[in-house]
Amino acid sequence: MSRGVILVTPRGYAAYGAQAAKRLEALGYEMNINTTGKPLPRETFVEYAKNSTGIIVGVDELDGALLKECRQLKAVVKFGVGTDNIDLKTAEACGIKVGRCVGSNSNAVAELTIGMLFAAAKHLVSSNVQVREGGWNKPTGRELTKKTMGIIGFGNIGRHVARMAQGIGMQVLAYDVFDIAQDVLDTYAAKQCSIEEILKTADFISIHTPLNDETRNMISDAQFDMMKETAVIVNAARGGIIDERALYTALKNKKIYAAASDVFTSEPPVQEDWVQELLHMDNFILTPHIGSRTVEAESNTVEMATDNLIRLLEEA
């Protein structure tokens, strides 16, 4: 007799989760895995969710209204870390347990962050575009060694970034909403400080916080005004933490040197004039939320998501 249906929407699970799915099947669950290679249409996701006992979810929206209709749902696991697409309060009220895969993709996102720092500082993307179009310009970039790296959000990803920055020969400043233990700071040769100190003194800044009411538009006009004109900022966390209209203004007016982002408030970006102008600026890089998209990270997340879901279903 079936113990219920497990809905799995992330494409990474379909690609690397065959053995993990067998573990759930062996426990008596039926698997409903998205194998289309594309995000599920909203109406399809809603229909499937209502009939599921457990869900491993990617970017699909589990809002309060939908969760209240999921009468059979016992547990949800985010295929990643950020739970901003899950209404946690409603889930708790409905008795639905929620888990996430902390640390499974931290190294992958940190590597992308460091890669973006180099790409933005040395004009790699715009130079490649120019060469493809027949140009041979030679812009002068900036080095990272002996510069100050400011990390906003010193969790798993932030610490991996600190480790890599230390290896490059950078001085590391760290901010987190929680006190950072001195032994952790010593491990990464980092100094804990305020966001304001990072904004005013760092040559390179990376953001690794969740998106919530406190962090939404955390970096806006006033914060860009604090930064050095030579500053480079990277957002590999969530769209909406940086006020993108303010970023557009800062880059256009050369308040900062460059910016790179793996995320955007609307993914893909909306077709508004200022957004399209931002996307075509030589000093701005945008990638399509690929920070966690490595073979290693996807495999890690498959295993952790499966382990977490089994545990939560047993506790339910």
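Here are some notes on this predicted model, for someone meeting the structure fresh.

1. Start with the annotation. An unreviewed UniProt entry lists residues 20–314 as "domain: D-isomer specific 2-hydroxyacid dehydrogenase catalytic". Over that stretch, helix makes up 41% of the chain and strand 15%. The C-alpha atoms at its two ends sit 17 Å apart.

2. Next, have a look at strand 10, which covers residues 232–235. Which way do its side chains go? Val232 and Val234 point one way, while Ile233 and Asn235 point the other. That fits the usual pattern: in a regular strand, side chains alternate between the two faces of the sheet. Whichever way they point, all four of these residues are buried, Asn235 included.

3. Strand 10 has strand 9 (residues 204–207) as a partner: the two run parallel and are joined by four bridges. If you want a spot to find this pairing on screen, try Phe204, whose bridge partner in strand 10 is Val232. To get from strand 9 to strand 10, the chain passes through helix 11 (residues 221–226), and this β-α-β crossover is right-handed.

4. Strand 10 also pairs with strand 11 (residues 258–261), again through four bridges and in parallel. Here, Val234 has Ala260 of strand 11 as its bridge partner. The link this time is helix 12 (residues 244–252), through which the chain crosses from strand 10 to strand 11 in another right-handed β-α-β crossover.

5. Now the cysteines. How many disulfides are there? The count is zero, taking a disulfide as two cysteine sulfur atoms within 2.5 Å. Cys101 shows why it has no partner: the closest cysteine sulfur, in Cys70, is 19 Å from its own, which is too far for a bond. Cys101 is also buried, with a relative accessible area of 0%. Cys193 counts as buried too, at 9% relative accessibility.

6. Last, the second largest pocket, which holds about 240 Å³ of space. Its lining includes Val125, Ser126, Val129 and Gln130, along with Leu279, His280, Met281 and Asp282. Phe284, Ile285 and Leu286 line this pocket as well. Which elements give two or more residues to the lining? They are helix 7 (124–132) and strand 12 (284–286). Helix 7 provides the largest share, with four residues.

Notes: Residues are numbered from 1 along each chain as its sequence is written. This is a predicted model: local features need pLDDT of at least 70, side-chain atom pairs count only at pLDDT 80 or more; totals for chains, interfaces and linings use all residues. Side-chain values use heavy atoms; hydrogens and water are left out. UniProt positions are given in the numbering used here, feature names are shortened, and annotations may be inferred rather than shown by experiment. Buried means under 20% relative accessible area, exposed over 50%, partly exposed in between (1.4 Å probe, protein chains only). Two strands pair if DSSP finds at least two bridges between them. A crossover is right-handed if, with the strands pointing away from the viewer, the path from the first strand over the helix to the second runs clockwise. On a 1 Å grid over the protein atoms alone, a cavity is a set of points where a 1.4 Å probe fits but cannot get out, and a pocket is an open set with protein on both sides within 12 Å along at least five of seven lines; lining residues have an atom within 4 Å of a point. Grid points are joined across faces, edges and corners, and a volume is the space filled by probe spheres set on the points.
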